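The following report describes one protein chain, moving from its surface and overall form to its aromatic side chains and a loop.

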Amino acid sequence: MDLAGLVPYAEVVGALAAVLTSISFLPQVWKTVKTRHADDFSWGWLAAFGAGVAMWAFYGLILGAPSIILNNILVWLCVAVMAWIKFTARR
């Protein structure tokens with residue numbers, strides 16, 4: 001099977017995948033913002049997931065892939081909001 005013909009569609013597939021995975025995360029972020037409750041998320045998970053998402057965005061910068069860059073920046077911002085809620089709720 002020759003996949004070389006699909007290369008022009010790679011950015012479209014990547015953008016669609018990024019949008020779908022980002023959208024799947026939004027209900028959890030919305031619930032966290034609405035309830036102001038983030039105890040279910042460990043600091044370790046928030047740190048590891050946030051670092052991983054930041055690295056994906058950097059990877060997108062290296063490749064020059066806007067879908068990877070933009071979606072991972074948006075997800076990182078969502079993780080930052082969740083971390084902020086977790087931090088401020090403890091005070």
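## Surface and overall form

In this predicted model, the accessible surface of the chain amounts to about 6500 Å², and carbon and sulfur atoms account for 74% of it. Buried residues make up 27% of the 91 residues in the chain. The charged side chains comprise 6 positive and 4 negative ones, and the centres of these two sets lie 21 Å apart.

The secondary structure consists of three helices and zero strands, so that reading along the sequence gives the pattern α-α-α. Along its principal axes, the C-alpha trace spans about 55 × 25 × 20 Å. The radius of gyration of the chain is 16 Å, whereas a compact globule of 91 residues would have a value near 12 Å. When contacts between residues at least 6 apart in sequence are considered, 72% of them join residues at least 24 apart.

## Aromatic pairs

A search of the whole structure yields six aromatic pairs. Two of them are set out below, each with the distance between ring centres and the angle between ring planes.

| Pair | Centre to centre | Angle between planes | Geometry |
|---|---|---|---|
| Trp56 and Tyr59 | 5.5 Å | 80° | edge-to-face |
| Trp84 and Phe87 | 5.8 Å | 40° | tilted |

The pair of Trp56 and Tyr59 belongs to helix H2, which covers residues 43-63, and because these two residues are three positions apart in that helix, about one helical turn separates them. Their planes, at 80° to each other, count as edge-to-face because the angle is over 60 degrees. Tyr59 is partly exposed, its relative accessible area being 39%.

The pair of Trp84 and Phe87 lies in helix H3, residues 66-89, where a spacing of three residues again means that about one helical turn lies between the partners. Trp84 is exposed, with a relative accessible area of 53%, while Phe87, at 36% relative accessibility, counts as partly exposed.

Ring pairs also link Phe25, Phe41, Trp45 and Phe49 into a cluster.

## Phe41 and the loop between H1 and H2

One member of that cluster, Phe41, is placed in the loop between helix H1 (10-35) and H2. Is Phe41 buried or exposed? With a relative accessible area of 12%, Phe41 is buried, because the value falls under the limit of 20%.

Leaving aside residues up to four places away in sequence, Phe41 touches Gln28, Thr32, Leu46, Met82 and Lys86. The last of these contacts, with Lys86, joins positions that are 45 residues apart in sequence, although their C-alpha atoms are 8.1 Å apart in space.

Arg36 also has its place in the loop between H1 and H2. The backbone of Arg36 has a positive phi of about 55°, although this residue is not a glycine. At 47% relative accessibility, Arg36 counts as partly exposed, whereas Phe41 in that loop is buried at 12%.

Methods. Residues numbered from 1 in each chain as written. Predicted model: local features only at pLDDT ≥ 70, side-chain atom pairs only at ≥ 80, totals over all residues. Heavy atoms only, no water. Phe/Tyr/Trp six-rings, centres within 6.5 Å; stacked < 30°, edge-to-face > 60°. Helix = DSSP H or I, 4+ residues; strand = E, 2+ residues; numbered from the N terminus. Buried < 20%, exposed > 50% of the residue type's maximum accessible area, 1.4 Å probe, protein only. Contact = heavy atoms within 4.5 Å. Rg over C-alpha atoms; globule rule 2.2 N^0.38 Å. Areas by Shrake-Rupley, 256 points an atom, 1.4 Å probe, with all protein chains shown as cover. Lys, Arg positive; Asp, Glu negative; His and termini not counted. Charge placed at Lys NZ, Arg CZ, Asp CG, Glu CD.
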